[in-house]
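Welcome! Here is a short tour of the structure shown below, moving from its inner spaces to a ligand site and a few single residues.

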Amino acid sequence: MNNKTACPLDCYDACEIVYDGGKLKGYSKGHTAGFLCPHLNHYTNYQTIKTPRYKNQEITIDEAMNKLSEIISHSYNDEILHYRGHGNFSLMQEVTDHFFASYGATLTDGSLCDGAGEAGILEGRGSNKNMPLPEIEKSDVVIFWGRNPHTTSSHLLPIIKDKKIIVIDPIETQIVKDAYLHLQVKPHTDMYLAMLLSRFLHIVYPTDKEYYELTQTLMVDQTLEKIGISKNEIGEMVELIINQRVAIVCGVGIQKYSDGADVMRTIDALALQMNLFGREGCGVAYLGNSREHIDSPFYTDTKRESKVNSDFSKYKTVFIQGANPLSQMPDSTRVQESISNVENIVYFGLYENETSECADLVIPAKTFLHKNDIRTSYSHNIMSHMPKLEGNENGITEYELSSYLCNEFGIDIKEEETYLKHFKNFSVTMMDGELHVEGREELPYQNGFDTKDGKFVFLKEVNQKPNEKEGLHLITPKSAKSLNSQFNRETHVYVHSSLGFRDGEKVIVSSVNGNVELHVKNNDKLRDDCVLIYSGTRGVNNLTSPKHSLEGKSAVYQEDRVEVIKCT
Ligand SMILES: Nc1nc2c(c(=O)[nH]1)N[C@H]1C(S)=C(S)[C@@H](COP(=O)(O)OP(=O)(O)OC[C@H]3O[C@@H](n4cnc5c(=O)[nH]c(N)nc54)[C@H](O)[C@@H]3O)O[C@H]1N2
Ligand SMILES: Nc1nc2c(c(=O)[nH]1)N[C@H]1C(S)=C(S)[C@@H](COP(=O)(O)OP(=O)(O)OC[C@H]3O[C@@H](n4cnc5c(=O)[nH]c(N)nc54)[C@H](O)[C@@H]3O)O[C@H]1N2
Ligand code: SF4
Ligand SMILES: [Mo]
C-alpha cells in the first residue's frame with residue numbers, strides 16, 4: 001500500500017495511517033484498529049506557518065536559508081546551540097544533529113519527559129525493554145499507574161476491555177469508570193505504596209531479604225495516611241493481583257519528581273517480587289526505548305547542554321527545532337530571561353507559539369505528509385515507513401535544510417535514501433506483514449536482567465524527604481485537546497469545588513518559581529489538595545522548577561506546591 005504512513009507525534013501509540021489525499025484514516029489492522037485520535041482526525045485543519053520571516057519581515061525560503069548560513073558563519077562553533085525537541089518523533093528529525101555536531105555546535109541532552117523513570121529502570125534492570133502490547137493483551141489485571149490511557153494511549157483500550165483494571169492516580173480519570181479499584185493517592189506517594197504492597201505481599205511472594213527490611217521501616221498507619229488511602233483499599237488491591245497475570249502500565253505521572261527514578265524502581269521491585277518479568281501476560285510497561293536495537297547514523301558524542309535548564313545566554317545563536325522551549329521547559333521566567341539576549345534565535349517548526357513569537361528567523365518545516373521519514377515507538381515494536389505522500393510548496397524538510405547547510409560548510413552528507421535504508425535495515429517482516437524492529441525480545445527479561453550479574457538491583461535506601469511542604473499539589477498531565485503545546489491548548493486551571501472558586505473566575509496560581517493568571521474550572525474528579533493545569537497551557541511552567549531529578553537529568557514538574565488566590 002503506497003498511501004500508508006504513520007502519525008509523527010510524540011505519543012505511545014505511533015498509529016499507522018492510510019491517507020487518501022483528503023482524509024487521514026487509522027489503518028484497520030494491528031494496534032491502530034482503524035481509529036485515530038482527535039489530533040490526527042483534525043490534523044489538516046491546524047494552521048501551519050507558511051512563510052519564513054526574518055525580524056518579522058516575510059522572506060522566501062531561499063532567503064531564509066541564506067540568512068541561516070550567514071548567521072552560522074558569523075558565529076563561532078561554540079557560540080551555537082542546537083535545541084531539538086520532539087514535536088515530530090520520526091527518525092529523520094535527527095539529521096540536523098549531523099550538521100550541527102559536525103560543525104562543532106553544542107547539542108542537548110537530559111529529558112523533559114520520561115528521563116527520571118527511565119533512570120530507575122536502568123538501575124534496576126540494566127536496560128529499558130518495554131512490555132510489548134501482545135503481552136498486555138494476555139494479562140488478567142492491568143494496573144494504570146500514573147498513566148491516563150483515554151488521553152495519551154487510547155489504542156490500548158481495545159486490548160484491555162475485558163480485564164480487571166486498577167487505577168492509581170490522584171485524578172479520577174476516564175478509565176476509572178471501568179476499574180475494579182481506584183486508589184486516588186496523594187501525588188508523589190507511589191514509592192510508599194509500592195513498598196507497602198511489597199511488604200504485604202511478602203508472605204505470598206517472598207522478596208529480597210534486605211529489601212523486605214527496607215519496606216519494614218515504614219510505619220503502616222502513618223504511611224497509609226501519607227498516601228491518602230485506607231487499609232481496606234490496599235487490601236483490595238492485594239487480593240486483586242495475587243496469582244494473576246498482571247500488567248503494570250506506568251506513565252510519566254509517577255516520576256515528575258526529584259526521586260522519580262526511585263519511584264519507578266520500587267514499582268519494578270514489586271513486579272519482580274510477583275514474578276512479572278519474562279512471564280507471559282505479565283510485565284511493566286512504561287516509555288520504552290524507541291531506539292532499542294537501532295543505531296543512529298546521526299549520533300555523535302559531542303558537547304551537550306541540558307534540555308531542562310539550558311543557559312541560552314551563553315550562545316550567540318540558538319537553533320530550535322521541533323520544540324517550544326518557551327512553554328515546555330520548566331521555569332519559563334528563567335527561560336525567557338536566559339534567551340532574551342541571544343542575538344539569533346532561529347525557530348524551525350510547524351506552528352506559531354511562544355518560541356516562534358520571540359524568534360529572529362522563523363523557518364517553516366514540512367509536515368509528515370510532505371517528506372520521507374520512518375518511525376518507531378516507545379510503546380510497541382513496529383517500525384513504520386512514512387513516505388512523502390504529496391507535494392507542498394511551503395517549508396523545507398529537515399533533510400533539505402541539513403543538506404543545504406552541509407554543502408555550504410563543506411561537511412559530508414549522504415543521500416536521504418541512504419539514511420532511510422540504514423534505518424529500514426533494522427527491521428524484520430513479521431508473519432502478518434508488519435515490519436518490526438529486529439531483535440526485540442517478545443518476553444523481555446526472560447533470560448535475566450541486563451545488569452552486571454543478571455540480577456535485579458534493589459533500592460537500598462529511601463531518600464524521599466517527608467512531604468511537609470505547605471500548599472496545594474500541582475499536577476500537570478497531558479490534555480486530550482493538545483499534544484503538549486501543539487493543537488488546541490488548554491487555558492484553565494482546574495480546582496476542587498471545596499476550594500470555593502467560581503467557574504470562570506480569574507485567579508493567580510503561584511509557587512516559589514513564579515505565577516500565572518488563569519480562569520477557573522471546578523472539577524471534583526480531582527483530590528481537594530490538588531490543582532490541575534494541563535501541559536501546553538500558556539504559563540504553566542512559570543510555576544515549575546529548573547532543577548534536575550536526582551537521577552536521569554530529567555525535569556521535575558510537580559514538586560513545588562502552589563497557592564491559588566482570586567485576582568482582585
Ligand atoms: N492527548 C495527548 N496525548 C499525549 C500527549 C499530549 O500532550 N496529549 N503527550 C505525549 C507525551 S510527550 C507523553 S510523555 C505521554 C505521557 O502520557 P502519560 O504517561 O499518560 O502522562 P501524563 O498525562 O503526564 O500523566 C498520567 C497520569 O498521571 C497522573 N499523576 C500525576 N501525578 C501523579 C502521581 O504522583 N502519582 C500517580 N500515581 N499518578 C500521577 C495524572 O493525574 C495523569 O492522569 O503522552 C503522550 N500522548
Ligand atoms: N508542565 C509541564 N511541562 C511539560 C510536560 C508536562 O507534563 N507538564 N511535559 C513534558 C514532556 S513529556 C514533553 S515530551 C515536552 C514536549 O515539549 P516539546 O518537545 O517542546 O513539544 P511541543 O510542545 O509538542 O512542541 C513541539 C513543536 O514542534 C514543532 N513541530 C512539529 N512537527 C514538526 C516537524 O515535523 N518538524 C519540525 N522542525 N518541527 C515540528 C511544532 O511547531 C511544535 O510547536 O514538554 C514537557 N513539558
Ligand atoms: S493516538 Fe497518538 S499516535 Fe495515534 S494518531 Fe493520536 S497522536 Fe498519533
Ligand atoms: Mo513526553
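Let's begin on the inside: 14 residues line the largest cavity, and those nearest its centre are Met131, Cys282, Gly283, Val284 and Pro444. Please keep in mind that this is a predicted model. The points below go on from that cavity to a pocket, a ligand and some individual residues.

**Cavities**
- The largest cavity encloses about 60 Å³ of space.
- Its lining is made up of 9 nonpolar, 3 polar and 2 charged residues.
- In total, the structure has 5 cavities of 30 Å³ or more.
- As general background, empty space shows up when a probe the size of a water molecule is rolled over the atoms.

**The second largest pocket**
- This pocket holds about 600 Å³ of space.
- Its lining counts 27 residues, and Pro132, Leu133, Pro134, Asn381 and His436 are the ones nearest its centre.
- Where does the second largest pocket lie with respect to domain 1 and domain 2? Domain 1 (4–109 + 307–436) and domain 2 (115–285) both contribute lining residues, so the pocket lies between them.
- Helix H5 (133–138) and strand E20 (435–437) each give at least two residues to the lining.
- H5 provides the largest share, with 5 residues.
- Sorted by class, the lining has 11 nonpolar, 7 polar and 9 charged residues.

**Around ligand 3**
- The residues surrounding ligand 3 include four cysteines, namely Cys7, Cys11, Cys15 and Cys37.
- Two histidines, His39 and His155, also belong to this shell.
- Leu9, Asp13, Ala14, Leu36 and Leu40 complete the surroundings of ligand 3.
- By class, the shell has 8 nonpolar, 2 polar and 1 charged residues.

**Cysteines**
- How many disulfides does a search of the whole structure find? The search finds 0.
- For readers new to the term, a disulfide is a covalent bond that joins the sulfur atoms of two cysteines.
- Cys406 has a relative accessibility of 0%, so this residue counts as buried.
- Cys358 has a relative accessible area of 27% and is therefore partly exposed.

**Asn542**
- Asn542 sits in the loop that runs between strand E27 (530–532) and strand E28 (545–548).
- Is Asn542 buried or exposed? Its relative accessibility is 16%, which is under the 20% cut-off, so Asn542 counts as buried.
- Asn542 and Leu240 are 302 residues apart along the chain, and 41 Å separates their C-alpha atoms.

Definitions and conventions. Residues numbered from 1 in each chain as written. Chains lettered and ligands numbered in written order. Predicted model: local features only at pLDDT ≥ 70, side-chain atom pairs only at ≥ 80, totals over all residues. Heavy atoms only, no water. 1 Å grid on protein atoms, 1.4 Å probe; cavity = no way out; pocket = protein on both sides within 12 Å on 5 of 7 lines; lining within 4 Å. Points joined across faces, edges and corners; volume = space filled by probe spheres on them. Helix = DSSP H or I, 4+ residues; strand = E, 2+ residues; numbered from the N terminus. Nonpolar A, V, L, I, M, F, W, Y, C, P; charged D, E, K, R; others polar. Domains from an automatic or database assignment. Near = heavy atom within 4 Å. Disulfide = S-S within 2.5 Å. Buried < 20%, exposed > 50% of the residue type's maximum accessible area, 1.4 Å probe, protein only.
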